[in-house]
Amino acid sequence: MNSIPASGSASLYNLDCTYLEDVRFKRESLETITIIFFGKPSEDFPERFFFMPEGRTYDYRAFIFALTEEIHTSSLSSESGPCYTARAVTNDIPEQRKNCRVYVTFQAAILPKGEKKETFVTIKDIGTGGFQFVSKQKFETDTIFTSIFRSIKAPECITARIQKQRPVREKGVYSYGCQFVDLPPKLEMLIRNFVFQTEALQAKAKRERENA
């Protein structure tokens, strides 16, 4: 799964998911990019930030990067003025994760601990260690909740914790990365099989599109 293209445009966000700025980028390696700024960045530009490649409003891929060097004037400067660049590195992409993860779209109801009313959310990716969902309702980090993924064969109740809020382009929608809590071995195997089978089907569909 090639989550980040070789080059293109992207939006940067602070770790609290507030918008930072738009940039161009070039992927140097699996985990490293060169960021090209349209103007001089602010002096308090953060060391760590969310990087979201250009895409449709409903594309929720965002990755945490960290600068590996100071932002500096680049030889890429043009007639429009000086150009600023910096390199950044990540281990937040599927290719780098030890746990396999696939992009999906299915509905699930979650029940936060201590509440009686379920909230329907949309699962956008899932792996053997956790998943990401989007919702019009805002949640707090560290919220513990239960859910049943009916898209998985022999669904059972799972428990998960919200680790981090992640940025989205769409107003009024929130995205959260979650970690499974005390996942029973049987359920872990069911999820692992679902992920691997989905990955194989997506790879097959991609090959068929490319060969069409």
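In this predicted model, strand S12 (residues 157–166) pairs with S13 in the antiparallel sense, over six bridges. Within this pairing, Gln165 stands opposite Tyr176 in S13. Strands of a sheet pair through backbone hydrogen bonds, either parallel or antiparallel. S12 and S13 belong to a closed barrel of six strands, which runs S8-S9-S10-S13-S12-S11 with antiparallel pairing. Neighbouring strands of this sheet are turned against each other by 45° on average, direction ignored.

**Aromatic residues**

The count of aromatic pairs comes to 14. One of them joins Phe131 and Phe145 in an edge-to-face arrangement, 6.1 Å centre to centre and with 80° between the planes. Phe131 lies in strand S10 (residues 130–135) and Phe145 in strand S11 (residues 144–148), so this pair ties together parts that are 14 residues apart in sequence. Phe133 and Phe145 also form a pair: their ring centres are 6.0 Å apart and their planes stand at 90°, so the pair is edge-to-face. Here too the partners come from two strands, Phe133 from S10 and Phe145 from S11, so the pair ties together parts that are twelve residues apart in sequence.

How buried are the three phenylalanines of these pairs? Phe131 is buried, with a relative accessible area of 1%. Phe145 counts as buried because its relative accessibility is 1%, and Phe133 counts as buried at 0%. One aromatic cluster contains Phe131, Phe133 and Phe145 together with Phe106, Phe139, Phe149, Tyr176, Phe180 and Phe194. Tyr176, a member of this cluster, is the residue that Gln165 stands opposite.

**The cavity**

Rolling a probe the size of a water molecule over the atoms shows where empty space is left. A search of the whole structure finds one cavity of 30 Å³ or more. The largest cavity has a volume of about 40 Å³. Which residues line the largest cavity? They are Phe149, Ile152, Pro155, Glu156, Ile158, Leu187 and Ile191. This lining divides into six nonpolar residues, no polar residues and one charged residue. Phe149 appears both in the lining and in the aromatic cluster.

**Residues in loops**

Three loop residues can be set side by side by relative accessibility.

| Residue | Loop between | Relative accessibility |
|---|---|---|
| Cys17 | strand S1 (7–13) and strand S2 (19–27) | 15%, buried |
| Tyr58 | strand S4 (48–53) and strand S5 (63–67) | 52%, exposed |
| Asp182 | strand S13 (174–180) and helix H1 (185–211) | 74%, exposed |

Two of these residues have a positive phi without being glycine: the angle is near 75° in Cys17 and near 50° in Asp182. Are Cys17 and Asp182 buried or exposed? Cys17 counts as buried because its relative accessibility of 15% falls under the 20% limit. Asp182 counts as exposed because its value of 74% is over 50%. The loop that holds Asp182 follows from strand S13 to helix H1, and S13 is one of the strands of the barrel.

Tyr58 is exposed, with a relative accessible area of 52%. How far apart are Tyr58 and Pro46 in sequence and in space? They are twelve residues apart in sequence and 26 Å apart in space, C-alpha to C-alpha.

Key: Residues numbered from 1 in each chain as written. Predicted model: local features only at pLDDT ≥ 70, side-chain atom pairs only at ≥ 80, totals over all residues. Heavy atoms only, no water. Helix = DSSP H or I, 4+ residues; strand = E, 2+ residues; numbered from the N terminus. Buried < 20%, exposed > 50% of the residue type's maximum accessible area, 1.4 Å probe, protein only. 1 Å grid on protein atoms, 1.4 Å probe; cavity = no way out; pocket = protein on both sides within 12 Å on 5 of 7 lines; lining within 4 Å. Points joined across faces, edges and corners; volume = space filled by probe spheres on them. Nonpolar A, V, L, I, M, F, W, Y, C, P; charged D, E, K, R; others polar. Phe/Tyr/Trp six-rings, centres within 6.5 Å; stacked < 30°, edge-to-face > 60°. Pairing = 2+ DSSP bridges. Axes fitted to C-alpha atoms, helices over the stretch in contact; angles between N-to-C directions.
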